[in-house]
Amino acid sequence: MAAAPVRQRCGSGGPRSQLPPCYFEGYLEKRGPKEKASRRLWTCLCGNSLYFFNNAKDAHYVEKLDLSGFVSLKDDSSRDRNLEAARLILRMKDGETKFTAPNLEARELWKGFLYSVIDLNVPSSLTLLPGQFQMLKEVVEKERTRRRTRNPGRAPPSPLSVPLVGEIPPCFRPVSRTEAEVLLERHPDCGNMLLRPGRDGCSLAVTTRQDLNGSVFRHYRVTQRDQGGYVIDVENPIPCATLHDVIDALVEKTAGTLQPFLLEEPYEENITYVSANDENGEKILHTAPSSPLPRVPALPPKQGTDRWCTSPLSRSPAADRRILTSPVPASPTNPMRRLILSPSPLTQTLNEELKLTLEKRKTSQD
């Protein structure tokens, strides 16, 4: 029977009717850390826990797995006797539990619902349909409401709501724990350590990935101190003045084995746009022409009529007045002083005629 999302599943009596709302259910083969063989159980994701029933009609569950101790969730590529089956490994603080889903689509859906409930955030790295992503979004909102109702004094924190102070290292990524693991898994050549917001919304965390017969993930809490700076919360806490010092300390403590995650995200090389066909309404993606736009030729300077001006801007009378009335340095070798103080031939002629007129008047008076 294929797994199917549900709004809520409640039995007529017994523990099933007292369980939190069921977000997803279906048959899974389960093998716990202390079990030698797998069992096919009807599995229900109710609230933040997995409940296991012998079959879909049972009113009492036989096992419960609390997801508060979640560490990681990854695909298991080992072959199953059923070629269509798909495996995954749920790692908790107290060990690993292996599941087998009927097919790849069911496994992807289980991962989506588990990530959404654990992180209260819709994962963006899964291969799902738009309608399935919408279902995950609704589950996140329902689970947030459920936790808020259960703990009215404390709203569920957002994994991306931590306030960052000071200069942020380039290896910081605003992702959840599971998304950090996916990034490090998909881009091993870009580094194996990234800084991210903590799950509680009040701290930061460093996620690392190393290879030891497969991927090994580690998560370290980084808290901000009241007196300033940060501290790496390990057995022997490591104080750091800045977030850059946090990254440097981990690089130094591991002799360079851990390196910051620096993903160079590509940029588009061409400008593209979408337009609709006028006849059938079909939308087509176009690439804008890449040739440079033609330059508008500059206009030649206008020839001025003022014989004293060589620039069109200097033909303004106001500008001429500013030049002639501006203070002139007292140096006798200054060319502007000579230009203004030296009399022109016309001025000399007028001065001579004025002198002759004055002399004639003086002579006639005598």
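Analyst: Before we look around, one term: a residue is called buried when its relative accessible area is under 20%. With that in hand, helix H4, residues 243-253, has these buried residues: Leu 243, Val 246, Ile 247, Ala 249, Leu 250 and Val 251. Please keep in mind that this is a predicted model.

User: What covers the buried residues of H4?

Analyst: Strands are part of the cover, among them E9 (193-197), E10 (204-211), E11 (215-224), E12 (230-232) and E13 (238-240). At the other end of the story, just after H4, Ala 255 has a positive phi of about 55°.

User: How do those strands come together, and what is their order?

Analyst: They make an open sheet of five strands, ordered E9-E10-E11-E12-E13, and the pairing is antiparallel.

User: What makes E9 and E13 the edge strands?

Analyst: Each of the two pairs on one side only. From one strand to the next, the twist of the sheet averages 25°.

User: How do you know that E10 and E11 pair?

Analyst: Two strands count as a pair if at least two bridges are found between them. E10 and E11, running antiparallel, are joined by eight bridges, so the pair qualifies under that rule. To find one of these bridges in the model, look at Thr 207, whose partner in E11 is His 219.

User: Let's turn to charged side chains. Why is the contact between Glu 35 and Lys 30 called a salt bridge?

Analyst: The cut-off is 4 Å between a side-chain nitrogen of Lys or Arg and a carboxyl oxygen of Asp or Glu. For Glu 35 and Lys 30 the N to O distance is 3.5 Å, so the pair is a salt bridge.

User: Are these two residues buried or exposed, or in between?

Analyst: Lys 30 has a relative accessible area of 5%, so this residue is buried. Glu 35, at 25%, is partly exposed, because values from 20% to 50% fall in between.

User: What does the salt bridge of Glu 63 and Arg 39 tie together?

Analyst: Their side chains meet at 1.8 Å, N to O. Glu 63 is in strand E5 (residues 63-66) and Arg 39 in strand E3 (residues 39-46), so the bridge ties together parts that are 24 residues apart in sequence. Arg 39 is partly exposed, with a relative accessible area of 35%. Together, Lys 30, Glu 35, Arg 39 and Glu 63 are linked in a network of salt bridges.

User: What makes Arg 107 and Asp 75 a salt bridge?

Analyst: Their closest N and O atoms are 3.6 Å apart, and the limit is 4 Å, so the pair counts. Arg 107 belongs to helix H1 (residues 104-119) and Asp 75 to strand E6 (residues 70-76), so parts 32 residues apart in sequence are tied together. Arg 107 is buried at 11% relative accessibility, whereas Asp 75, at 38%, is partly exposed.

User: How many salt bridges does the whole structure have?

Analyst: The search finds 12.

User: And how many aromatic pairs does the structure hold?

Analyst: There are six aromatic pairs. One of them is Phe 24 with Phe 113, whose ring centres are 4.4 Å apart and whose planes are at 10°.

User: Why is the pair of Phe 24 and Phe 113 called stacked?

Analyst: Planes under 30 degrees apart count as stacked, and these stand at 10°, so the name fits. Phe 24 lies in strand E2 (residues 22-31) and Phe 113 in helix H1, so the pair ties parts 89 residues apart in sequence. Phe 24 is buried at 0% relative accessible area, and Phe 113 is buried at 1%.

User: What makes Tyr 51 and Tyr 61 an edge-to-face pair?

Analyst: Their planes are at 70°, with 4.9 Å from centre to centre. Over 60 degrees counts as edge-to-face, so the pair earns that name. Tyr 51 is buried at 5% relative accessibility, while Tyr 61 is partly exposed at 32%.

User: Which residues form one aromatic cluster?

Analyst: Phe 24, Trp 110 and Phe 113 do.

User: Finally, what is the mean pLDDT of the protein?

Analyst: The mean is 78, and 73% of the residues reach 70 or more. Over residues 305-326 the pLDDT is below 50, and beyond near neighbours in sequence this stretch has 13 contacts in the model. Residues 335-341 are also below 50, with 12 such contacts. Where pLDDT is low, the predicted coordinates should not be read in detail.

Definitions and conventions
Residues are numbered from 1 along each chain as its sequence is written. This is a predicted model: local features need pLDDT of at least 70, side-chain atom pairs count only at pLDDT 80 or more; totals for chains, interfaces and linings use all residues. Side-chain values use heavy atoms; hydrogens and water are left out. pLDDT is the predictor's confidence in each residue, from 0 to 100. Contact means heavy atoms within 4.5 Å. Buried means under 20% relative accessible area, exposed over 50%, partly exposed in between (1.4 Å probe, protein chains only). Helices (H or I, at least four residues) and strands (E, at least two) are DSSP runs, numbered from the N terminus. Axes are lines fitted to C-alpha atoms, for helices over the stretch in contact, and angles run from 0 to 180 degrees between N-to-C directions. Rings of Phe, Tyr and Trp (its six-membered ring) pair if their centres lie within 6.5 Å; planes under 30 degrees apart count as stacked, over 60 as edge-to-face and the rest as tilted.
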